[in-house]
Amino acid sequence: MTNAVTEELKLALKQMIVEECDKDFEPEFIGDDTPLVGGDLDLDSLDVLQICMAVKNQYDVRIEGSAEARRALKSVNVLAQTIVDARR
Amino acid sequence: MPTYIHHVDTHCALGRGLEPCVAGLLAAENPLSEIPFDQLRDPVHMPYFALPLDTTEDDFYQQLESLCANAVKGLSAEQRRRTALLLGSSSFDVQVSEQLYRADLARRGNDQAVPMPIVGYGKLAQRIGDKLGLSLQRHSYSTACTSSANAILYGHRLLEAGLVDHALVLGLERFNHTSVLGFYGLGLISPGRAMRPFAQERDGLLLGEAVGLLLLSRETPAAGKPWLRLCGGAIGTDNHSLTAANTDGQQLAQVVQQALADSQIDAQDLVGVKVHGTASLKNDEAEAAALGTVFGGSTPPAFALKPFLGHTLGACGAVETALTLGCLGRGKMPANPGIAPDPVLKVNLAQSVQPAATGPYLFNCFAFGGNNNALVISLDRKGTAA
Amino acid sequence: MKVSSSYSLLHTIDADAEGPLPALEPLITRWHGSRIRRIDRYIQLCIAGGLNCVADKPLEERTGLYLASRAGAVSTSAKAMINTEQKGEMPKPLHFVNTLGNSAGFYLTQLLGLTGTVLVVSQEWLSFESALLHAWLDLHQGRVDAALVGGFDEVCLPTAHHLERLGEQTTQLTEGSHWLLLEREAPASGVSLEAPNWFADSQELAHWISTEAPFDWIQTGFGPSPDERSLLASNTGELQAFTRPAALHGVFSGAALVSLCEQLAEGQKSGRALHLVRGTEGPYGALVVTC
């Protein structure tokens with residue numbers, strides 16, 4: 001399922017972000033290229049930690065340190081690619 | 001009526017008892033150990049300042065009871081009934097709660113086992129108070145890392161109001177998975193495995209377990225040893241962020257200024273500062289800014305204790321105060337040899353142990369959730385206290 | 001201490017309820033329009049109670065916040081423990097920070113713009129009285145000009161687990177959030193509270209009551225035993241019990257005291273009253289309320 005970046009994976013990540021950050025918008029509100037941090041989503045460092053831990057628990061992919069997290073959480077597209085690359 | 005500190009004690013990674021802890025601290029020992037978390041799906045090893053092995057068979061509760069019993073052994077039954085008990089902790093007996101839950105999981109399985117089986121922050125104080133025949137003024141404080149610093153402050157205020165004659169203050173943090181893994185999950189543990197407060201290369205904190213204890217009293221101490229006088233303190237709130245202080249340090253500066261005002265002491269009269277110093281990027285920046293605001297570039301000699309025993313969370317207020325007073329009582333002021341100051345922060349920690357000056361010392365203690373505490377304690381010449 | 005505002009929220013929850021628990025969000029949005037994310041029920045209880053007690057009234061700059069809870073954030077602490085002990089995972093960062101004692105106070109001070117003294121204290125079944133004592137100390141010693149005192153304890157699902165934690169068999173559980181906004185004594189009329197007192201047993205209590213009597217009436221936050229009834233009846237007039245079928249609620253005494261204060265404020269009663277509480281097996285807490 002995570003061999004390639006699919007629409008399914010991206011939607012799953014969006015749902016995960018909404019849930020982990022306790023946001024009250026629909027997952028589809030997050031565009032594939034919407035910046036996750038520092039943009040309209042208004043996510044902070046605690047949200048970033050929540051997302052990274054959920055990624056680790058669900059996809060077994062570690063995103064450690066704030067520099068790596070900033071890179072991986074650029075957008076859903078980048079996060080999905082990061083997961084796929086790590087699992088190859 | 002002044003509040004005097006008659007007795008202090010501590011168990012921390014440096015030792016079990018004030019003497020070994022003070023000796024280890026002044027010798028700049030580094031008792032860091034490593035704890036494996038093999039039960040995790042993805043096992044990790046974590047540096048930790050664990051208590052030295054207990055040579056007795058005593059359990060969690062017995063250890064606390066005997067420490068407290070030792071602190072009040074000089075008090076008569078009547079005096080004990082006039083002794084408050086103030087317990088500050090961020091984890092109380094969660095260690096035991098986790099053990100019980102693990103046993104329950106093995107016995108009844110995932111669905112039936114009850115997580116967090118022990119509830120009631122006040123249970124420990126009730127148990128110790130009953131055992132030692134203390135006053136019913138038994139208050140437990142749960143404000144994360146300031147818990148036991150707040151307990152000290154309200155011990156002082158209870159004495160000031162004359163509601164009790166003595167106050168036993170206890171700070172407690174025992175190893176537990178929730179606290180240790182919780183901090184790890186927040187990415188706050190130092191990858192370099194060393195706490196270097198206010199240094200350029202600071203990269204986070206290390207955790208430790210400890211118990212700290214102080215006996216406060218309205219009674220004048222015996223002549224022949226230095227007098228330690230709790231002059232006052234304050235609590236302030238910085239609700240900028242749940243997990244980090246505002247780096248402008250203004251709320252921290254304000255709580256220090258309020259503590260000084262409460263103690264009727266001018267900033268320039270302070271002779272030393274026990275910093276909070278968590279060696280995390282933002283919190284040190286905030287504390288440095290606060291010290292700059294309060295002292296205007298002429299900060300008195302400062303020292304940090306966490307590099308020697310770790311951040312002991314809710315216990316750190318009582319533990320670090322007890323340790324500092326243990327050193328001052330022996331005529332020494334602690335130091336942090338080898339921790340070079342970040343030129344941006346400009347907080348120079350003392351590089352070598354110096355003779356302790358008499359006069360007032362500042363004790364900083366800050367917590368998650370923006371709860372901040374500052375205390376002022378004075379080392380007075382024998383028998384010449386104000 | 002003069003009572004300038006009060007609020008109490010008390011939910012009775014059937015022990016076989018499977019949820020959901022009564023919604024708290026509407027009580028918060030009444031005073032704060034936008035939804036606050038990442039807060040658990042324990043924090044919601046704190047915010048709902050605090051905002052409704054303050055009810056948009058301007059607060060003194062030096063207002064202290066004195067929070068009481070017997071058990072703290074049990075539900076979230078349990079979730080963190082399930083992660084570490086059962087699933088072999090780290091606690092979620094959000095769960096961990098919400099287990100900390102003053103996270104609830106953090107949100108409330110942010111909403112109310114308070115930057116002074118904040119405490120979270122606990123003393124088993126007399127936790128609310130412990131918070132009142134801390135407020136009294138600071139008001140009395142002039143360190144604050146007003147004190148917002150709040151006590152809250154949650155019911156956690158599943159209820160079967162929660163009953164085990166409480167070590168009780170009962171058909172009903174209670175959760176709630178109880179608040180008083182206090183000012184230093186003013187000469188004006190109104191309801192005022194004296195400092196709380198603690199007594200180890202009924203003899204100590206009886207002795208104190210005999211020195212403090214007469215009271216126009218006494219309210220107990222528990223169902224008094226026959227012995228307690230005779231002890232209280234011999235010293236004073238009317239006795240009323242403020243109890244629920246199952247008062248297994250850590251700060252139930254806060255509910256009792258707020259109710260007493262409100263009856264006095266509304267003129268249903270007047271004079272000198274005694275608020276009396278005790279834990280499951282003592283000690284007693286007592287506090288004089290006048291109007």
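The following exchange discusses the nonpolar cores, a central strand and an interface of a predicted model.

The model is predicted, with local features needing pLDDT of at least 70 and side-chain atom pairs counted only at pLDDT 80 or more, whereas totals for chains, interfaces and linings use all residues. Residues are numbered from 1 along each chain as its sequence is written, chains are lettered from A and ligands numbered from 1 in the order in which they are written, and side-chain values use heavy atoms, leaving out hydrogens and water.

Trainee: Between which domains of chain C does the largest nonpolar core lie, and why?

Mentor: A nonpolar core is a set of buried Ala, Val, Leu, Ile, Met, Phe, Trp, Tyr and Cys residues joined through side-chain atoms within 4.5 Å, where buried means under 20% relative accessible area, exposed over 50% and partly exposed in between, with a 1.4 Å probe and protein chains only. The largest one has 83 residues, of which C:Leu180, C:Leu182, C:Leu193 and C:Leu257 touch the most other members. Its largest share, 8 residues, comes from helix 6 (residues 127-140) of chain C, helices being DSSP runs of H or I with at least four residues and strands runs of E with at least two, numbered from the N terminus. By bounds from an automatic or database domain assignment, both domains of chain C give residues to this core, so it lies between domain 1 (2-183) and domain 2 (192-290).

Trainee: Which residue of strand 8 of chain B is the bridge partner of B:Val169?

Mentor: Strand 8 (residues 210-217) of chain B has 8 of its 8 residues buried, and strands pair if DSSP finds at least two bridges between them. Strand 1 (residues 3-12) of chain B runs antiparallel to strand 8 and is joined to it by 7 bridges, while strand 7 (residues 166-173) of chain B, also antiparallel to strand 8, is joined to it by 8. On the strand 1 side, B:Val8 has B:Leu214 as its bridge partner, and for B:Val169 the partner in strand 8 is likewise B:Leu214.

Trainee: How many salt bridges does the rule find across the interface of chain B and chain C?

Mentor: In this interface 64 residues of chain B are in contact (heavy atoms within 4.5 Å) with 59 residues of chain C. The buried area, which is the accessible area (1.4 Å probe) that two parts lose on being put together, summed over both, is about 5300 Å², with carbon and sulfur atoms giving 61%. A salt bridge needs a side-chain nitrogen of Lys or Arg within 4 Å of a carboxyl oxygen of Asp or Glu, as in C:Arg143 with B:Asp262, where the closest N and O atoms are 2.9 Å apart. Across this interface the number of salt bridges found is 6.
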